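Reader: I've got a structure open and I'd like to know what sits behind the labels people put on it. Can we go through it together?

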Amino acid sequence: AIFCLKWSDDHLAAIKTLEDVILRGGQFAFAMPRGNGKTSLVIGAIIWAVVYGHRKFIVAIAATGPKAKEMIESVKTIIETNERIGECFPAACYPVRQLEGNNNRSSGQHLNGKRTRIKWTNDRLIFPTVEGADSSGVIVHTAGLLGSVRGLQQVHAETGETLRPDAALLDDPQTDESAKQPTQTAKRLRVINKAVIGLAGPTRKIAVICPCTVIQPDDLADQLLDREKNPEWRGRRTKLLTMMPNDEAMELWAKYREIRKDSLREHEDIRDATEFYRANHAEMIAGAESAWSERFESEHFDAIQYAMDKWAKNEESFYAEFQNDPRPEEQEGIETLRAPELLERCDGSKRGEIPDWAESVTAFADVQQDILPWMMVAWGKDLRGRIIDYGAWPEQRRKHYTLREISPTLREHTGQPTVEGAIEVGLGQLEAWLDEKYGDHLQWFGVDANWQLSTEIVYQAARRHKKLMAFHGRFVGAASLPMANWKRKPGERPGHFWRTSMEQSTRVLTCDTNTWKTLVLKRLKDPVATERGITWFGDKPYDHEMLCDQLSAEYAVRVTGRGRKCDEWKNRPGRDNHWWDCLVGCAVGASYVGMELAGQAKPPRRRRRSLKEMHDEMLRRG
């Protein structure tokens, strides 16, 4: 049996809506906790639509092509092996079972002297043509959401009619990675609302069903379920616990969590935690309500303990995967950037084109183990900027990637066996390439030297390249001593929330990253039409999706400490931020070469001492 437990009210409501959408068309997105049988419901819906002929051409779509094929494999298995379905719908099942798993038999299969025209492959099922059967010639096709979705059609073997998809079943159309990338979310939402919904053409209302799980606030599932943002979708969001325990009960659950940890360490199971729950059952369930009383495992006393055990194990995962209500990172007093808004900052210029208003050009490279992300920016008055070029060394084959997907790596590209050797050679190659392409225009090239493994390598590069400077970003928070109050050492040059020094015979620039990130944030929020904002080359916004994802990978929280307020910047979990660091570094470099901001406080000029004053000081020192 596919469904072994008694249905919950949420299941019954979802099934009712599934039937309605399949029969009448429309769009239905429903979020259920992990493990509540969303995919099984979709597979059941596919089989129900097929055997009764409610839909003639069904497309099963998943986040990726392989995931979609897994879904269709489940449909095949049920049709081939489920005895009850075989007895009730022999026209759909009997010819399939006669293939005995060998699709080569399909081309010559006949039933009552007529070809069945059955097709039974890994990515497309065409049910046997059987006269009078509701399922005759029904098509089930698979596709990855970002694969070949458009233009699907098939001639019906019995009627000769050209069929277009009239139903689409989207099973979890996002991945954990895409949920973290706003531009990937926007792209998938665009494909669904245009390509998928348009599959049926203008004459028939398509049925689109999307079971999903909310992974992050404002991800694809969150947006499809939001009736304000997408009112055409019949969004329904369900939870493992419809009501959480009250405050008094949560105090006991906090003790439960500690007992659970101790029990796992001692017994490798949660027996002591379960015993604690049994002993305090009435107090611990106060205020709590389970959406599905049947869902718990043998080590649990009931469904509420099962749910709260998920909470005790990982609170963040519990709210995201089981409550479909992920906790936002943001808090009151936040400054943030949104990737979809950043996409509109293309200014139509050509790559590498330096605007006539530019007064300086700076570059920056971030140092990572397998890659060197870099950026070059032209700057005008008051930190007006244009990103004229950016990329990674070595250049990547993919348009959108994360650090875990680097190919080729620095070691592969340089042929060096060690990380240190690869960074040294790779940095030298990047220096030479930038010199060849932009050498006449480039005034300053900063390289991140914070990583202890690469600090000396960057220092060496700075000693041999007159435009290159080792760069150290420092987190100066509300509780930290402001940079302006740092004790000044001999040879240091102060600037606008930065200072330079000589370390190991190397020119080094140290900056207050929190302050500079806030300054750059303001320029990215200035309207493109003004003469203060930061823009970038190109006229196709979605060519810069990965850039926008990284520029929005951090957020700032206003914090008060030691009598002053400060923006403290934090990274969003799972997001790469290397080009954001590069842009901030380029801005600091612009200040270093002389670009000033309106209202910028200039460092006090030191009065030159006379020879007599210096002589008198020497006498005092003896």
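Reader: Which order do the strands of the open sheet of eight follow?

Author: This is a predicted model, and in it the order is β5-β6-β7-β2-β10-β11-β1-β12, with mixed pairing. β5 (119-120) and β12 stand at the edges with a single partner strand each, so one side of each has no neighbour in the sheet.

Reader: What packs on that sheet, and what makes it a contact?

Author: Helix α3 (residues 65-81) does, touching β2 (57-62), β5, β6, β7 and β10 (167-171). Contact takes heavy atoms within 4.5 Å. The direction of α3 makes about 155° with that of β7; angles over 145 degrees count as roughly antiparallel, so that is the label for this pair.

Reader: What makes the pairing "mixed"?

Author: Look at a few pairs. β1 (residues 26-31) and β11 (residues 207-212) run parallel and are joined by six bridges, with Ala29 opposite Cys210. β1 also pairs with β12 (residues 233-237) in the parallel sense, over five bridges, and there Gln27 has Trp233 as its bridge partner. β6 (residues 124-126) and β7 (residues 139-144), on the other hand, run antiparallel with three bridges, and Arg124 of β6 is partnered by His141 in β7.

Reader: How do you know that β6 and β7 count as paired?

Author: The cut-off is at least two bridges, and β6 and β7 have three, so they pass.

Reader: Why is β1 called largely enclosed?

Author: Because six of its six residues are buried, and buried means under 20% relative accessible area. Gly26, Phe28 and Phe30 point one way, while Gln27, Ala29 and Ala31 point the other way, and all are buried.

Reader: Why are α18 and α20 called roughly perpendicular?

Author: The axes of α18 (residues 513-525) and α20 (residues 578-592) cross at roughly 100° and come within 10 Å. The window for roughly perpendicular is 65 to 115 degrees, so the label fits. From α18 the contact uses Trp516, Lys517, Val520, Leu521 and Leu524; from α20, its residues include Trp580, Leu583 and Val588. By class, that contact has nine nonpolar, one polar and two charged residues.

Reader: What makes Arg532 and Asp526 a salt bridge?

Author: Their closest N and O atoms are 3.7 Å apart, and the limit is 4 Å, so the pair qualifies. Side chains of opposite charge can pair when their charged atoms come close. Arg558 and Asp567 also meet in a salt bridge, at 2.4 Å from N to O, as do Arg271 and Asp269, at 2.8 Å.

Reader: Are the partners in those pairs buried or partly exposed?

Author: It depends on the pair. Arg532 is partly exposed at 36%, whereas Asp526 is buried, since its 16% falls under the 20% cut-off. Arg558 is partly exposed at 43%, and Asp567 is buried at 8%. Arg271 at 46% and Asp269 at 22% are both partly exposed, because each lies between 20% and 50%.

Reader: How many salt bridges does the whole structure have, and which residues are linked in a network?

Author: The search finds 35. Asp218, Lys229, Arg338 and Glu341 are linked in a network of salt bridges.

Conventions
Residues are numbered from 1 along each chain as its sequence is written. This is a predicted model: local features need pLDDT of at least 70, side-chain atom pairs count only at pLDDT 80 or more; totals for chains, interfaces and linings use all residues. Side-chain values use heavy atoms; hydrogens and water are left out. Buried means under 20% relative accessible area, exposed over 50%, partly exposed in between (1.4 Å probe, protein chains only). Helices (H or I, at least four residues) and strands (E, at least two) are DSSP runs, numbered from the N terminus. Axes are lines fitted to C-alpha atoms, for helices over the stretch in contact, and angles run from 0 to 180 degrees between N-to-C directions. Angles under 35 degrees count as roughly parallel, over 145 as roughly antiparallel, 65 to 115 as roughly perpendicular and the rest as oblique. Ala, Val, Leu, Ile, Met, Phe, Trp, Tyr, Cys and Pro count as nonpolar, Asp, Glu, Lys and Arg as charged, and the others, Gly among them, as polar. A salt bridge is a side-chain nitrogen of Lys or Arg within 4 Å of a carboxyl oxygen of Asp or Glu.
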